[in-house]
Amino acid sequence: MTVTFYGVRGSTPAPGAEFARYGGHTACVAVAFADRVLVLDAGTGIRPLGRALLGSDDDLFVLLTHLHADHVIGFPFFAPLYEAGRTVHLIDYEAAAWSPIALFDGIHYPLRPGDLPCSVQRTREQPMAFLQSHGMAVMRQAVNHPGGAYGYRVEHEGQRFVFMPDNELGDESLAARSDIVAFCQGVDVLCHDAQYLDDEIEKRRGWGHSSVSEAIELAVEAGVRHLVLMHHDPDRTDDALDLVQTRAQAALDPHGIACTVAYEGLTFHLGEAESLPPDPGSVATKAQSL
Ligand SMILES: [Zn+2]
């Protein structure tokens, strides 16, 4: 499977020159298999992903961690929705009645669902079984985030990827830490919330996010191979993220764990010879062209 990051920012998009290398789009990650793509979250990063998918005949499945705006606001701008003959499977967030299809109400967005030339197939009940029936092995874990959220674990040909972009590791009100650790145990790539720096987290307790150090502690405790830090604060500049990258890797080196601060265009080819672009600057040209 190939995992590609299209949106790595938390809370709200962060446009501007000082955010250009890591990127300003909110949460969206594509997990591509031979003939289907699992889209994890529909933040504004789903817009460049949608453009990349135009003209393909992959089956598309959109799966949401939760319904906060930074994870759904890109949905109306997903280009395959405007392709005649295309089927987009929208797996609604099971724990709440609202769906991002409701943005197509003529008020929040000018179109209505009936205006779309594609077929939107919605699934709410037993979403993991639904994905399994389409050949995707996905598990979920409740995490600690206001209003609730899930983390997802995708397994394919012995490779394991966990997507947990919003989770407060200092909180156990919705999920026990031991369950979170067990869910992440030994995975090849753990993508985890690291919105705050260590000197910011105390003022943000209860906001549903973790610090860089807390994400590092989880990676060590769970024995993952590669930690990806995501959901960057919208005020975190490229220069500040460069510093996070250096310090986080230094902290994980003694444990033999690789670390990457997520950026738009970051790609993991899991199950093949795992490869990484060397740094966010190398994909800046690509990101700007998206
Ligand atoms: Zn978020």
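**Exercise 1. Find out what A32 touches, leaving out residues up to four places away in sequence, and decide whether A32 is buried, partly exposed or exposed.**

Solution. Keep in mind that this is a predicted model.

Step 1: skip the residues up to four places away in sequence, and the contacts of A32 are M1, T2 and V37.

Step 2: place the residue. A32 sits in strand β2.

Step 3: count neighbours. There are 19 other C-beta atoms within 10 Å of A32, and buried takes 20 or more, so A32 comes out as partly exposed.

Step 4: look at the rest of the strand. β2 is mostly covered, with four of its five residues buried.

Step 5: try a distance check. From A32 to Q185 you move 153 residues in sequence, and the C-alpha atoms lie 23 Å apart.

**Exercise 2. Work out which strands β2 pairs with, and in what sense.**

Solution. Take one side at a time.

Step 1: β1 and β2 run antiparallel and are joined by five bridges. On this side, V3 has V31 of β2 as its bridge partner.

Step 2: β2 and β3 also run antiparallel, here with four bridges. V31 turns up again, with L38 in β3 as its bridge partner.

Step 3: check the connection. Three residues lie between β2 and β3, and the two strands form a hairpin.

Step 4: carry on to the next pair. β3 (residues 36-40) and β4 (residues 59-63) pair in the parallel sense over five bridges, and L40 stands opposite L63 in β4.

**Exercise 3. Put these strands into their sheet and name the edges.**

Solution. Read across the sheet.

Step 1: the order is β6-β5-β4-β3-β2-β1-β13, seven strands in an open sheet with mixed pairing.

Step 2: look at the ends. β6 (119-123) and β13 (267-269) each have a single partner strand, so one side of each has no neighbour in the sheet.

Step 3: get the twist. On average, neighbouring strands here are turned by 20° against each other, direction ignored.

Step 4: picture the side chains. In a regular strand they alternate between the two faces of the sheet.

**Exercise 4. Decide whether Y22, in the loop between β1 (2-7) and β2 (28-32), is buried or exposed.**

Solution. Don't let the word "loop" settle it.

Step 1: count. Y22 has 31 C-beta neighbours inside 10 Å.

Step 2: compare with the cut-off of 20 or more; Y22 is therefore buried.

Step 3: add a distance. Y22 and L53 are 31 residues apart in sequence, and 22 Å separates their C-alpha atoms.

**Exercise 5. Lay out the six-strand sheet and find the helix lying across β7, β8, β9 and β10.**

Solution. Same approach as before.

Step 1: the order is β7-β8-β9-β10-β11-β12, an open sheet with mixed pairing. Its edge strands are β7 (137-143) and β12 (258-261), each pairing on one side only.

Step 2: neighbouring strands in this sheet are turned by 15° against each other on average, direction ignored.

Step 3: zoom in on one pair. β10 (residues 189-193) and β11 (residues 226-230) pair in the parallel sense over five bridges, with L190 opposite L227 in β11.

Step 4: add the helix. The one you want is α3 (residues 177-184), which runs at about 160° to β7.

**Exercise 6. Describe how α4 packs against α5 and what covers α4.**

Solution. Start with the geometry.

Step 1: the axes of α4 and α5 (residues 238-252) are 11 Å apart and meet at an angle of about 30°. Angles under 35 degrees count as roughly parallel, so that is the label for this pair. The crossing is right-handed.

Step 2: name the contact residues. α4 brings V212, I216 and A219, while α5 brings V244, A248, A251 and L252.

Step 3: list the buried residues of α4: V212, E214, A215, I216, L218, A219 and A222. Their cover includes α3, β10, β11 and α5.

Step 4: step just past the end of α4, where G223 takes a positive phi of about 65°.

**Exercise 7. Find the residues with the most contacts inside the largest nonpolar core.**

Solution. This core has 78 residues, and V39, L190, L227, L229 and A262 have the most contacts inside it. Helix α4 (residues 212-222) gives the most to this core, with six residues. For V39, leave aside neighbours within four places in sequence; its contacts are then C28, A30, I46, L49, L60, F61, V62 and L63.

Conventions:
Residues numbered from 1 in each chain as written. Predicted model: local features only at pLDDT ≥ 70, side-chain atom pairs only at ≥ 80, totals over all residues. Core = buried A, V, L, I, M, F, W, Y, C linked by C-beta atoms within 7 Å. Buried ≥ 20, exposed ≤ 12 C-beta atoms within 10 Å, placed from the backbone. Contact = placed C-beta atoms within 7 Å. Pairing = 2+ DSSP bridges. Axes fitted to C-alpha atoms, helices over the stretch in contact; angles between N-to-C directions. Parallel < 35°, antiparallel > 145°, perpendicular 65-115°, else oblique. Left-handed = near helix turned anticlockwise from the far one by under 90°.
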